[in-house]
Amino acid sequence: MLMPLRIAALNWGRLTRIWYHSILGRMSLSPTPPLPHFPTPSPSLSQEFWTGARDIIPLVVGAVPFGIIFGTLATNNGLSSLATVAMSAFVFAGSSQFIAAGMIAAKTGWLLIVLTTFVVNLRHLLYAVSLVPYVKTLPQRWKIPLAFLLTDEAFAVVIRRYELKNEPKEKSSFKHWYYLGAALTMYLNWLLCTLLGITLGQMIPDATEWGLDFAMSVTFIGMVVPYLKNKPMVISVVVAGLVALLTASFPNKLGLMLAALLGIAAGVLSERVLKGNNNLTGDNL
Amino acid sequence: MNEVLLILGMMLVTFFIRYVMFGASSRITLSPDFLSALRYVPPVVLSAIVVPEVLLSDGALSVGVMNARLVGAIAAIVISYVTRNLLLTIIVGMAVFFGWQSLIVL
């Protein structure tokens with residue numbers, strides 16, 4: 001019997017739950033950030049800043065090896081030391097920087113790397129959307145740096161700070177200082193680790209030869225596996241992997257784009273099909 | 001490779017993504033369907049990069065015990081699935097890869 005497909009009419013509550021689920025799943029990779037703890041009932045501006053800086057430390061520690069590996073890989077793959085530092089300083093987005101390093105090794109043109117960066121970093125749009133209610137009243141001089149410094153790690157700690165608002169001591173009007181403290185700590189650490197990696201890369205110039213580039217593959221595996229908690233996610237990843245394999249000989253890594261698009265389509269489509277069945281038969285996803 | 005254009009381009013697209021919603025405050029609303037499709041972006045892009053890296057060697061499919069990357073990747077998947085610990089996944093994956101590679105050379 002053919003079941004009528006229902007167009008997924010997601011409501012916001014459900015969507016929020018879904019995406020917290022995926023974000024929390026991501027964060028379980030690293031030590032859970034502690035709940036903000038303030039000594040006095042009404043935290044001051046500098047207390048907010050330093051508490052933010054302190055709360056993100058577990059995640060900062062987790063980012064240390066990536067910064068170092070990035071610095072080592074990028075310079076080994078042919079990016080100049082200056083450009084490697086500049087990338088960390090001006091782009092400040094770890095996974096896309098790793099991918100750029102990989103594409104540079106494959107002699108990909110800059111425009112395609114930029115396009116891939118756009119796709120990879122689109123997830124930040126999700127974070128920005130959930131932060132908008134808390135930052136929309138801030139002036140531009142705050143919005144610009146806070147947006148620039150938005151990372152997976154900063155989002156994970158900052159959103160907890162913003163959402164704690166029931167206790168009296170959590171009614172702070174300086175939460176953007178907490179955000180700045182956390183995000184800036186992450187930024188300075190990333191820059192420092194990139195510099196360390198570049199130095200290391202100059203000491204071991206044939207890092208790619210003996211397989212250090214495989215560090216990127218295992219890193220990505222460790223990032224992907226926690227996402228695979230439901231059938232649509234698994235289907236999308238399998239489709240993307242297969243398409244990428246079949247299109248690997250396409251010029252300019254165009255296969256990567258195709259694989260990403262088809263993978264996303266497969267995930268969205270199977271989500272709808274499974275939800276349709278789920279609504280009718282009561283099966284779990 | 002034009003490094004200036006590369007970094008400028010990467011900077012602009014990344015900042016645009018992070019800033020557009022802040023800048024527009026509540027004037028732009030994204031459709032829930034679009035947002036739910038976005039959730040697939042990170043795992044899909046990452047696996048599209050990793051799968052060919054692991055399974056292809058000089059453009060040819062290489063599936064078997066002689067492919068140390070594949071063995072390391074399988075170890076990484078298992079560790080990641082069991083522990084959900086990124087750092088441990090990297091350490092074990094790399095150790096298995098290097099260990100296996102030296103076994104093959106022997």
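Buried area is the accessible area (1.4 Å probe) that two parts lose on being put together, summed over both. The exercises below apply this term and others to a predicted model, in which local features need pLDDT of at least 70 and side-chain atom pairs count only at pLDDT 80 or more, while totals for chains, interfaces and linings use all residues. Residues are numbered from 1 along each chain as its sequence is written, chains are lettered from A in the order in which they are written, and side-chain values use heavy atoms, with hydrogens and water left out.

**Exercise 1. The interface**

Task: Describe the interface of chain B and chain A by its area, its residues and its helices.

Solution.

Step 1. Chain B and chain A bury about 7200 Å² between them, and 78% of this area is on carbon and sulfur atoms. Arg18(B), Phe22(B) and Arg39(B) supply 12% of the area that chain B buries against chain A, more than any other three residues.

Step 2. Contact means heavy atoms within 4.5 Å. The contact involves 92 residues of chain A and 67 residues of chain B.

Step 3. A polar contact is a pair of N or O atoms within 3.5 Å; within protein, one must be able to donate a hydrogen and the other to accept it, and residues adjacent in sequence count only if both atoms are side-chain atoms. Across the interface, 12 residue pairs are in polar contact, both residues being at pLDDT 80 or more.

Step 4. Helices are DSSP runs (H or I, at least four residues), numbered from the N terminus. In chain B, α1 (3-24), α2 (32-38), α3 (41-55), α4 (68-83) and α5 (86-105) each supply at least two residues of the side that touches chain A. The largest share, 18 residues, comes from α1(B).

Step 5. For the classes, Ala, Val, Leu, Ile, Met, Phe, Trp, Tyr, Cys and Pro count as nonpolar, Asp, Glu, Lys and Arg as charged, and the others, Gly among them, as polar. The side of chain B that touches chain A has 46 nonpolar, 14 polar and seven charged residues.

**Exercise 2. Salt bridges**

Task: State how many salt bridges the structure holds over all chains, and place the pairs Arg123(A)–Asp152(A) and Arg39(B)–Glu271(A).

Solution.

Step 1. A salt bridge is a side-chain nitrogen of Lys or Arg within 4 Å of a carboxyl oxygen of Asp or Glu. The whole structure has five salt bridges over all chains, and two salt bridges are counted between chain B and chain A.

Step 2. Within chain A, the side chains of Arg123(A) and Asp152(A) form a salt bridge at 2.9 Å, N to O. Arg123(A) lies in helix α7 (residues 123-135) and Asp152(A) in helix α9 (residues 152-163) of chain A, so the pair ties together parts that are 29 residues apart in sequence. Buried means under 20% relative accessible area, exposed over 50%, and partly exposed in between (1.4 Å probe, protein chains only). Arg123(A) and Asp152(A) are both buried.

Step 3. Between the chains, Arg39(B) and Glu271(A) meet at 3.2 Å, N to O. Arg39(B) lies in the loop between α2 and α3 of chain B and Glu271(A) in helix α13 (residues 254-281) of chain A, so the pair joins two chains. Both residues are buried.

**Exercise 3. Aromatic pairs**

Task: Give the geometry of the pairs Phe49(A)–Trp50(A) and Phe148(A)–Tyr187(A).

Solution.

Step 1. Rings of Phe, Tyr and Trp (its six-membered ring) pair if their centres lie within 6.5 Å; planes under 30 degrees apart count as stacked, over 60 as edge-to-face and the rest as tilted. Over all chains there are 14 aromatic pairs.

Step 2. Phe49(A) and Trp50(A) are edge-to-face, at 5.1 Å centre to centre and 85 degrees between the planes. Phe49(A) is buried at 16% relative accessible area, whereas Trp50(A) is exposed at 58%.

Step 3. Phe148(A) and Tyr187(A) have ring centres 6.0 Å apart and planes at 65 degrees, so this pair is edge-to-face. Phe148(A) is in helix α8 (residues 140-148) and Tyr187(A) in helix α10 (residues 175-203) of chain A, 39 residues apart.

**Exercise 4. A positive phi**

Task: Locate Phe92(A) and state its phi.

Solution.

Step 1. Phe92(A) is in the loop between α4 (81-90) and α5 (94-105) of chain A, and is buried at 3% relative accessibility.

Step 2. Its phi is near 55 degrees, a positive value in a residue other than glycine.
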